[in-house]
Amino acid sequence: KRESRGTCTRSFPQVFTAAKVMASIAMLQMNICPWFQDTGEKVTHVWNNEVMNGGVAPNYDALVFTVSSVIACLDCLGDMRKSLFTSHVISIVTLVFTNMASFFQNSAAGRDAVAKSQLKELSSSALLKIFKVLINSQGDDEDAVCFQLLLTAVRSFASAFLDSGCTQSKDASGSVAQGGDTVQENEVDGDDIWGSIDDDLLASIDLGGGKAAAPFFTQELAKTLKNALQQSKPSGRFLLPSGLGATSLLQMSPHGKHFVATELDRVCQCLVSLQLAGPDMDYRSVLSDLLCTRVQSHFDDDRDSQFWVQISQTLSTELINLSKTFGICSELVKANFERVIFNVLGMVFDSQRLEVYPSCNIERIRKDAGNEIGEQALDRLDIFNTCESSSVVGTGIEAVAKVQRKRRRKAERVWRMCHQISHALLESESNHGALSLEGRIGSILQDKDTDLAQKAPSVLDSSSLEKEALQSFQILRTLVSVIGMNEKNHAVSMERVLAFSVSLIISQSLRTMKSLKYQESIITRDSSNEQEMRKIMTEELLRTYLEVLVALIAWIFRNSRDGASKQWTALELQLRDNFLTPILRRRSVDLALTLQRILRTSLTVITGNINSSATLRLGSISGFSNYADGILDSIVRRSRQLFIAISRQAHFRSLQSSLLEAAIDVSDGDEELLLPRYLGTAYSISLEMKNGSDTSPLGEGIDEYLSFVENKATSDVGCLKKSSFLDSFILPRLHHGKTKLAIKRRNLRIVRHLLEDEMNDRTIETSSIKKLVKGMRQSLLQCFKEPVIDNVFLSEVLSCSNRLASIPVMIDDSRQETLLSWSRRSVDAELPNDVEELSTKEQNGAYFWLFYQWLQNIGKIIVDTSEAGREKRSAFRKLCKNNESDIRIDLSRMMLEMDLNSSHRLLCYVEEVLFPSRDENSASIANVYANERLSQDSTSQQVEDWKPTGGVRKCAKELMAEVVAQG
């Protein structure tokens, strides 16, 4: 009973008693046993099955009265503000709604639109009032419990008044059950089992507040939930009401905002449920606005960004899971599918999820932090992978394993969610025809490499940070391929998805940098091992993001096509000029600031507005240049993908010289061996990438994975031309007389790896081979003229020549021979005495055979350890300084055994014929100052005796054996 001002005058016990009694009556009217109504989770057993099967149905007006009475009790609690009985009454209301949902679905009452409409508006009005009361409360424990129960009641309310028109299997007729006008009341006689309660109390319940409600309380409830979410963001959680702006009419206390933020997922689920309860209302704009919350513009206000992203992710997951059953959810998913993809990727790459996993890069941890921290990291990895095993029960690590078990299950929840999303997307597909883009995305979330006929083998076995990052990268790689194929046929833009992927990883990297900065600031000499371990794990997380970023950029460049927008081209150029090129050329790079600039450009691509990134403040975090060396190694390991991009798009060609410079401009050591190997094997699809000792498990995993993918896409790798790479970048350095031998040595190391796969895939043309032979011979002469012989360079030339001797040469369409055997056979026939009288093919064959004859003679003096061998080596070095040709030597002597002097002079003559000088008068031009300086240098430098090392002798013997075997 209410006074004239509309407030309830009853006490708390009276309201609770009335709600309890009327709820029990309502349960009986719905043919449900009321004895077990304390559970409130599901429908209890039916009181009379015959009634549910078409017998006597309840009186609808009576059901409306009893349920409205319960709602009126809840409405009264909104006036009383606070009570011990509030949570109990909300539980009663939840129980009624839960059972009403099942009752309406299984009886003719579900088709009574009038009854449902009356109850719906009364219920939404009361729920709205209680919600406003709780979010403006002082925040004690009882209010927190009431708020949780209220959210459950809202979802139960939505399920009870679910509109049949929003399902996929919609009833086209929409007719009301026949016989509804002839329903008779069920008169029940007997003792009053409810106790001595005054009937006047029930009769005096005033439903006027509910009847006077406006017909849009359900929509108002949804808008209030949205407004509460907007006001509960972290930056506005403790603002005074006046600071919220004049447009905000919803009063929320700091405790109420905390309630909403704590139950963020459930509030979002309530919004989706309300959409299903009132599809005729304008909820789509409410959900679409929250789904399309602003893209994270920067990481300074990171907590707000995470808040909005969590809202969007929860809504996306809920809508996808319900899209199979409810057509409205399916429509919302399709209308915002690009945002749904963003949300799924955001959940997969979330740093808060990945930091739960321990790193398996134990060797680097030991190297950076010492053996003690390394052993702790190994123990954490073992416990994390055995926490689910029963072997830890009863051991000393049982408590730790329990904590790790919870963390692991929480982190792996995203994959279960991906499988649920995949299942929902695939179920919405028709059984006939090709999959739509939604179906393809669902397949990717389930099986990852859906564009491959064969599934990629598992590289990393133990559950770790690196394995999670590799699995996440597999999704990105497949998305690039799948969305690229469907871009013209769907509203999803490949450019926006790829730009978001880049910005996502950069944002997570910058967030990790901020965390690392903080951890470095608090660590002192007295810091515990736990603080040091946390810092080391954060460093590994940052390296993981950077490794994935480089791999993603390389794969994006590889799949780049013509016709891109200006914004996307600007992003590609910025990635090339500000990120890849400076690092490859070993320039000083402020990594944090560079990533912020790339993030700004990527936001322009996502939003399509050049001013959208104006709020991104640069310089809030800087430094981290020490990570550039690791990034350089990652970039060079992605050479194969970058070379494919270079062959397709002209604006990537500058990367080729940068990659070569990175491989040859290195100091002596492991890096000199690794980087040329990465670059040389990039052109050979059948060769596995060989990694060094410092390569991370994630780097090795990505190498093997992408090698597997490239092997399945040989048509793309076939565009790589080794001859073009040799002619444009390698050979000019070998031919140049002023190039240092150290640079030439690294170039030859690249060539040696480039020739490894020539037995299976010959793509080097004969003209390039001829230039390569000349470059190696001139480089050898340069080496022999030096005061000190570079034995490492000499070994590289001999090894490269040995490998070159075995590459195949096509004789005709069906036959091929090795280079050495072909050159031997080409000079076996009767030849004229003059080289100029030979055909081009015969000239090439003679040149190659003379070269290997010359190398064989050099090998003989190398392996000769006697005093005579030392004298021959000294005499040969003097001969190299003269470098005179001899036209008097007959070509017929090529098939005879020539000494070193004769083979050297004849080779010089043949080379002059094949490579005529551009300026015949250049020899007459003299620089007297240069000659004077050279003469001074030659007199000041003392020539050391040449003592070949064991490695040089080994290479010489292998080459001599190859020449004998094929000659």
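Here, a residue counts as buried under 20% relative accessible area, as exposed over 50%, and as partly exposed in between. Keep that in mind as you look around this predicted model. Take Glu530: its relative accessible area is 36%, so it falls in the partly exposed group.

**The whole chain**

Let's start with the big picture. The chain has 967 residues, and 54% of them are buried. Its secondary structure comes to 42 helices and 2 strands. What about contacts along the chain? Counting those between residues at least 6 apart in sequence, 77% join residues at least 24 apart. The accessible surface adds up to about 43,900 Å², and carbon and sulfur atoms account for 48% of that.

**Salt bridges**

Side chains of opposite charge can pair when their charged atoms come close. In this model, the count of salt bridges comes to 27. Here are three of them, with the N to O distance for each pair.

| Salt bridge | Closest N to O distance |
|---|---|
| Arg266 and Glu263 | 3.7 Å |
| Arg380 and Glu530 | 2.6 Å |
| Arg752 and Glu796 | 2.5 Å |

Back to Glu530 and its partner. Arg380 and Glu530 form a salt bridge, with their closest N and O atoms 2.6 Å apart. This pair ties together distant parts of the chain, since Arg380 is in helix α18 (residues 371-386) and Glu530 in helix α24 (residues 529-558), 150 residues apart. Arg380 has a relative accessible area of 28%, so it is partly exposed.

Now for Arg266 and Glu263. Arg266 is partly exposed because its relative accessibility is 27%. Glu263 has a relative accessible area of 12%, which means it is buried.

How do things look for Arg752 and Glu796? Their side chains meet in a salt bridge at 2.5 Å, N to O. This is another link between distant parts of the chain: Arg752 sits in helix α34 and Glu796 in helix α36 (residues 791-804), 44 residues apart. Arg752 is buried, with a relative accessible area of 18%, and Glu796 is buried too, at 5%. Elsewhere, salt bridges that share partners join Glu547, Asp633, Arg637, Arg638 and Asp703 into one network.

**A closer look at helix α34**

Arg752 brings us to its helix. Helix α34 covers residues 741-754, and from its first C-alpha to its last it reaches 19 Å, close to the 20 Å expected for its 14 residues. Is this helix enclosed or open? Of its 14 residues, 12 are buried, so α34 is largely enclosed by the rest of the structure. Besides Arg752, the buried residues include Leu741, Lys744, Asn747, Ile750, Val751 and His753.

**Two serines to find**

Which residues does Ser464 touch, apart from its neighbours within four places in sequence? They are Tyr357, Pro358, Cys360 and Leu381. You'll find Ser464 in the loop between α21 (437-447) and α22 (465-486). With a relative accessible area of 0%, Ser464 is buried.

Ser724 makes a good second stop. Ser724 lies in helix α33 (residues 722-735), and its relative accessibility of 41% makes it partly exposed. How far is Ser724 from Ser768 in space? The two are 8.6 Å apart, C-alpha to C-alpha, with their positions 44 residues apart in sequence.

Definitions and conventions: Residues numbered from 1 in each chain as written. Predicted model: local features only at pLDDT ≥ 70, side-chain atom pairs only at ≥ 80, totals over all residues. Heavy atoms only, no water. Helix = DSSP H or I, 4+ residues; strand = E, 2+ residues; numbered from the N terminus. Expected span 1.5 Å × (residues − 1). Buried < 20%, exposed > 50% of the residue type's maximum accessible area, 1.4 Å probe, protein only. Contact = heavy atoms within 4.5 Å. Areas by Shrake-Rupley, 256 points an atom, 1.4 Å probe, with all protein chains shown as cover. Salt bridge = Lys/Arg side-chain N within 4 Å of Asp/Glu carboxyl O.
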